[in-house]
Amino acid sequence: MRWVFIRPHNYSSYYDPEIQEPLGLEYLSAVRHERGDATLILDCSLENSSEIKTARRAMSYKPDIIGFSIMTAQNIPSVNAIYDECNRISSGHNIQWLAGGNFISSELSQAMKILPERFFLCQFEGERALEGFVQSLPLQTTHRDDQGRVVTGKTVEDLDSLPFPRRPFIDIVLQNKWSVNIQGSRGCCGTCKYCASPGMSAQGTRKWRGRSMENIVQEIAWLNYQYGVVAFNFVDEDFLGPNHLARQRAIALSKGLAQRNLKVSIGIQVRPDSLTHEIIDILTGTGVSYFFIGIESDSPDDFKRWGRPYHPDIWKTMAYLQHLDVVVHAGVMLFHQHSTLQGIRQFAGKLHIHGLFNYVSAVNRLDAIPGSFFYKSAIKENIIKSDDIGPQPLQFLSKEVECFYEDLLHVLAPLGPPYMHAICSLPYMSGVALRDPRNHDYANLKATIQPLNETVWQSFLSLLNAYEHGGAERAFVNQMRHNNLSVAIESVKTLVRNNLAPSFETLREAIRIDSGL
Ligand code: B12
């Protein structure tokens, strides 16, 4: 059996410089290889390949099956363009069409409507589903009911039983100085009502399953010996897993890497309550140089509404991390249905003190994300329609907060592209600094980000002050936005001077497009 797996382009309406490997497809490719099949993975973004070229490369492989990985509806125009071109140039070659990924898992009914009828749709994890799909071939491709289009399989309980993902893009990743993505677990111990993760399994809760640390270290060692990889980014939602296992897992990782004398840098995402000072010490001593931590709020009421335990000690953990030379990014939702100006000021102040206030934490808003509990309940309550596509905004209860948020977006817009560009390099650069203290790239990058953060903070405070005194004049808002344009342009110059951005023109244009200035 011959497979072509494709990750299409993602047509975001905002500047989005972050490109990472299609790890899901790399797993599927590995699993099919184990079965003796031939596979080709094509990635429009990583390979900077147009839809026409991608289609032609796919067809020249003479595939039996073409499978697309679709993360959001922003991928659909690209899927359609590739599909159309494949059909145009195929000379009656019989191909099975398949689509999987988060969009199919969490927005199945929308996917049914907008993808061509011939597509089979694979919901949830793909490894086992593909096995069933192959066994049921040849399948009827016309006159099926909707249910006949859906392909599912069991979730993989023992992740160590999976082969290591195939890595056809490793050269591109290394050339660009990106970290290599790796998966140590699937699912999450949390049950947060705003999160998409529960929607990625048939059960509606995505039970946490971890690979053994020995198995993870083996993959790290293989990537290190084979390709010289030294920077890794764990895509896990919950790297340490259940709290009672967290310490043990951290120690096992540390020992495993030490035994093989592996000096690597690592980025992880963790739940805050799985971290103790001891675990932080173990992790940082092991090479973890980048932490993403979902703090989300500092109000016990929010946590109750969101189905999360409240941990007042979080600020002690953050203060501890702040004094270590590691990068810490916090997931926060200053803006949500129940936000008030007072609550926003209090939480933002704490974030600022701990070095966690930045462009992303300032503008992030709790939307109803497909796959989440809030998305489902908003449909039930007729707040959103079941055929709406993608994340849907949930209205703020306070009109004042709604206006403040709109003005804030307007004021900060010019700072978005340089900030987004700069932070994409942070996980990799922090690792470089860890391994080679003489390298100045990380220090230069931090020195570029710092004034951006300061400008975000000052703009935020000025606007908040104005709103606390009744609102902001249009001229005042526009003036701040213009000032921020100058700061943004200066930071682009610094990024380019330090070889941290492709070109001045590209970023200046992104600023113009995103901020309309
Ligand atoms: C790394 C990552 C990224 C990377 C790139 C990921 C990629 N596709 O290569 C970057 C930074 C670019 C990114 C961007 C975005 N991301 Co993202 N990302 C992730 C993250 C952390 C890991 C993805 C991953 O590698 N998973 C591991 C692999 C093994 O799993 P997988 O990709 O799901 O693949 C499995 C199945 O889905 C299925 N499958 C996948 N493709 C296919 C194809 C076929 C043919 C078949 C049969 C099966 C199949 O089988 C695979 C193996 O079991 C996830 C969270 C998570 N842990 O999954 C969020 C996540 C997927 N991202 C999310 C979002 C929202 C985004 C953005 C929209 C963010 C933004 N605001 O811009 C953009 C959209 C970009 C786009 N349209 O392509 C959401 C998706 C929510 C949803 N309901 O769809 C997630 C779940 C995070 C979250 N909890 O909110 N992301």
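Here are some exercises with worked solutions on this predicted model.

**Exercise 1. Find out which domains the chain is divided into, and where the ligand lies relative to them.**

Step 1. Start with the split: the chain has domain 1 (2–151), domain 2 (177–332) and domain 3 (346–364 + 398–517).

Step 2. Now look at who surrounds the ligand. Both domain 1 and domain 2 give residues to the shell around it, so the ligand lies between these two domains.

Step 3. Zoom in on the shell. It holds 43 residues, and the ones that come nearest are Gly 24, Gly 67, Ser 69, Gly 100 and Gly 126. The elements giving two or more residues are helix H1 (23–34), strand S3 (65–69), strand S4 (96–100), helix H4 (102–106) and helix H6 (127–135). H1 gives the most, with five residues.

Step 4. Sort the shell by class: you get 19 nonpolar, 18 polar and six charged residues.

**Exercise 2. Describe how domain 1 and domain 3 touch.**

Step 1. Take the centres over C-alpha atoms: those of domain 1 and domain 3 are separated by 36 Å.

Step 2. Look at the contacts. Four residues of domain 1 meet seven residues of domain 3.

Step 3. Check the class on the domain 1 side: three residues that touch domain 3 are nonpolar, one is charged and none is polar.

**Exercise 3. Work out which strands stand at the edges of the six-stranded sheet.**

Step 1. Write down the order. This open sheet runs S2-S1-S3-S4-S5-S6, with parallel pairing.

Step 2. Read off the two ends. Strand S2 (38–43) and strand S6 (150–151) each have a single partner strand, so one side of each has no neighbour in the sheet.

Step 3. Check one end up close. S6 pairs with strand S5 (residues 119–122) in the parallel sense, over two bridges. One partnership to look for there is Leu 121 with Val 150 of S6.

**Exercise 4. Follow the parallel strands from S7 to S13, and see how the chain gets from S10 to S12.**

Step 1. Begin with strand S7 (residues 180–182), which pairs in parallel with S10 over three bridges. Here Asn 181 has Asn 233 of S10 as its bridge partner.

Step 2. Go on to strand S11 (residues 265–270), which runs parallel to S10 and is joined to it by three bridges. Asn 233 turns up again, now with Gly 267 of S11 as bridge partner. To cross from S10 to S11, the chain goes through helix H9 (residues 243–259), in a right-handed β-α-β crossover.

Step 3. Next comes S12. It runs parallel to S11, with five bridges joining them, and Val 270 has Ile 293 of S12 as its bridge partner. S11, helix H10 (residues 277–286) and S12 form a right-handed β-α-β unit.

Step 4. Finish at strand S13 (residues 327–332), which pairs in parallel with S12 over six bridges. His 329 of S13 is the bridge partner of Phe 292.

**Exercise 5. Decide how enclosed strands S10 and S12 are.**

Step 1. Remember the general pattern: side chains in a regular strand alternate between the two faces of the sheet.

Step 2. Try S10 (residues 231–234). Ala 231 and Asn 233 sit on one side, Phe 232 and Phe 234 on the other, and all are buried, so both faces are covered.

Step 3. Try strand S12 (residues 288–296). Eight of its nine residues are buried, so S12 is largely enclosed by the rest of the structure.

**Exercise 6. Classify Asn 48, Lys 62 and Ile 489 as buried, partly exposed or exposed.**

Step 1. Recall the cut-offs: 20 or more other C-beta atoms within 10 Å means buried, 12 or fewer means exposed, and anything in between is partly exposed.

Step 2. Asn 48 has 11 C-beta neighbours inside 10 Å, so it counts as exposed. It's in the loop between S2 and helix H2 (51–60).

Step 3. Lys 62 also has 11 C-beta neighbours inside 10 Å, so Lys 62 is exposed too. Its loop lies between H2 and S3.

Step 4. Ile 489 has 15 other C-beta atoms within 10 Å, so it is partly exposed. You'll find Ile 489 in helix H19 (residues 474–497).

**Exercise 7. Spot what is unusual about phi at Asn 48 and Lys 62.**

Step 1. Start from the rule: most residues other than glycine have a negative phi.

Step 2. Compare. Asn 48 has a positive phi near 50°, and Lys 62 has a positive phi of about 55°. Neither is a glycine.

Methods:
Residues are numbered from 1 along each chain as its sequence is written. This is a predicted model: local features need pLDDT of at least 70, side-chain atom pairs count only at pLDDT 80 or more; totals for chains, interfaces and linings use all residues. A residue is near a molecule or strand if its C-beta atom, placed from the backbone, lies within 6 Å of it. Helices (H or I, at least four residues) and strands (E, at least two) are DSSP runs, numbered from the N terminus. Ala, Val, Leu, Ile, Met, Phe, Trp, Tyr, Cys and Pro count as nonpolar, Asp, Glu, Lys and Arg as charged, and the others, Gly among them, as polar. Domain bounds come from an automatic or database domain assignment. Two residues are in contact if their C-beta atoms, placed from the backbone, lie within 7 Å. Two strands pair if DSSP finds at least two bridges between them. A crossover is right-handed if, with the strands pointing away from the viewer, the path from the first strand over the helix to the second runs clockwise.
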